[in-house]
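Subject: Structure handover

Hello,

Here is the structure we spoke about, with my notes below it. Please look it over before you set anything up.

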Amino acid sequence: MRKILFVLAVLISVPAAGEPLVRLHTSFYYIDGTSATVLAGQLDQHGPAGSDGKRYPARTRWDIQWKFKHEQKGTVCSMTDVAIAVGVAQTMPKWRGEEKGAAGLKALWTKFAEALQRHEDGHKEHGMKAAKEIEAAVLAVKPASNCEDLELAANTAAQTVVMKYQALDEEYERKTDHGRNQGATLL
């Protein structure tokens, strides 16, 4: 009987992890053209600007927000719950003349658009992984003697995870040449 009560007490005291709230928004910009060269030029001219100021065919940005609850019991403040929200915003191209385009160009566009979406979904995945890792990191923060120190430790842990995944996003862009190495090119 004591073992059962001990296990129940441990389970009750461990904060429950939940799935992050995810908000995905996709916006589009439109391009026109009757050749791969013209379409590529339109992508370069009208695509969203990256953090480096250059224009790219698409862009995915993610933002993570976290809230946590803690409780002071005597001289110990400990984490009781954490909630995570992930916002993912993707900007993608749409070719206005796709329905009327030549069959070969349409096939090339379809291949490009699918590769571009896969590439951008890699960024989205970084945001999703970061959210789950932030939740685990905040819940793992050791109790502190006061709640201000606990909050500081939790926010520092979360910011460290954000910086890690921002660096992974930058490395992903370098490795894939902004998706070109994954087939996201028209030329």
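Ala36, Leu39 and Leu43 of helix H2 meet Leu105, Leu108, Trp109 and Phe112 of helix H3. Sorted by class, this contact between H2 and H3 holds seven nonpolar residues, with no polar and no charged ones. The two helix axes cross at roughly 35 degrees and come within 11 Å; H3 covers residues 103-139. Please keep in mind throughout that this is a predicted model.

The sheet

H2, residues 36-46, also packs on a sheet, where it touches strands S1 and S3. The direction of H2 makes about 125 degrees with that of S1. The sheet itself is open and has three strands in the order S1-S3-S2, with mixed pairing. Its edge strands are S1 (21-31) and S2 (59-73), each of which pairs on one side only. Neighbouring strands are turned by 15 degrees against each other on average, with direction ignored.

In general, strands of a sheet pair through backbone hydrogen bonds, in either a parallel or an antiparallel sense. Here, S1 pairs with S3 (residues 76-95) in the parallel sense, over eleven bridges. Leu24 has Val88 in S3 as its bridge partner, and Ile31 has Trp95 in S3. S2 and S3 pair in the antiparallel sense over 15 bridges; Glu71, for instance, is bridged to Ser78 in S3. S2 and S3 form a hairpin with two residues between them. Gly74, in the turn of that hairpin, has a positive phi of about 65 degrees.

A further helix, H4 (residues 147-176), lies across S2 and S3. H4 runs at about 160 degrees to S2.

The loop at Ala49

Ala49 sits in the loop between H2 and S2. Is Ala49 buried or exposed? The residue falls between the two classes: Ala49 counts as partly exposed because its relative accessible area is 33%, and that class lies between the cut-offs of under 20% for buried and over 50% for exposed. Leaving aside residues up to four places away in sequence, Ala49 touches Lys54, Arg55 and Arg59. Ala49 and Arg59 are ten residues apart in sequence, and their C-alpha atoms are 7.7 Å apart in space.

Pockets

Arg59 comes up again in the largest pocket, which holds about 620 Å³ of space. This pocket is lined by 24 residues, and the closest to its centre are Ser51, Arg59, Thr60, Asp169 and Glu170. The elements that give two or more residues to the lining are S2, H3 and H4. S2 gives the most, with seven residues. By class, the lining divides into eight nonpolar, seven polar and nine charged residues.

The second largest pocket holds about 180 Å³ of space. Which of its 13 lining residues are the closest to its centre? They are Ala40, Asp44, Pro57, Arg180 and Thr185. H2 supplies the largest share of this lining, three residues. The lining of the second largest pocket divides into eight nonpolar, two polar and three charged residues.

Regards

Note on methods: Residues are numbered from 1 along each chain as its sequence is written. This is a predicted model: local features need pLDDT of at least 70, side-chain atom pairs count only at pLDDT 80 or more; totals for chains, interfaces and linings use all residues. Side-chain values use heavy atoms; hydrogens and water are left out. Two strands pair if DSSP finds at least two bridges between them. Helices (H or I, at least four residues) and strands (E, at least two) are DSSP runs, numbered from the N terminus. Axes are lines fitted to C-alpha atoms, for helices over the stretch in contact, and angles run from 0 to 180 degrees between N-to-C directions. Contact means heavy atoms within 4.5 Å. Ala, Val, Leu, Ile, Met, Phe, Trp, Tyr, Cys and Pro count as nonpolar, Asp, Glu, Lys and Arg as charged, and the others, Gly among them, as polar. Buried means under 20% relative accessible area, exposed over 50%, partly exposed in between (1.4 Å probe, protein chains only). On a 1 Å grid over the protein atoms alone, a cavity is a set of points where a 1.4 Å probe fits but cannot get out, and a pocket is an open set with protein on both sides within 12 Å along at least five of seven lines; lining residues have an atom within 4 Å of a point. Grid points are joined across faces, edges and corners, and a volume is the space filled by probe spheres set on the points.
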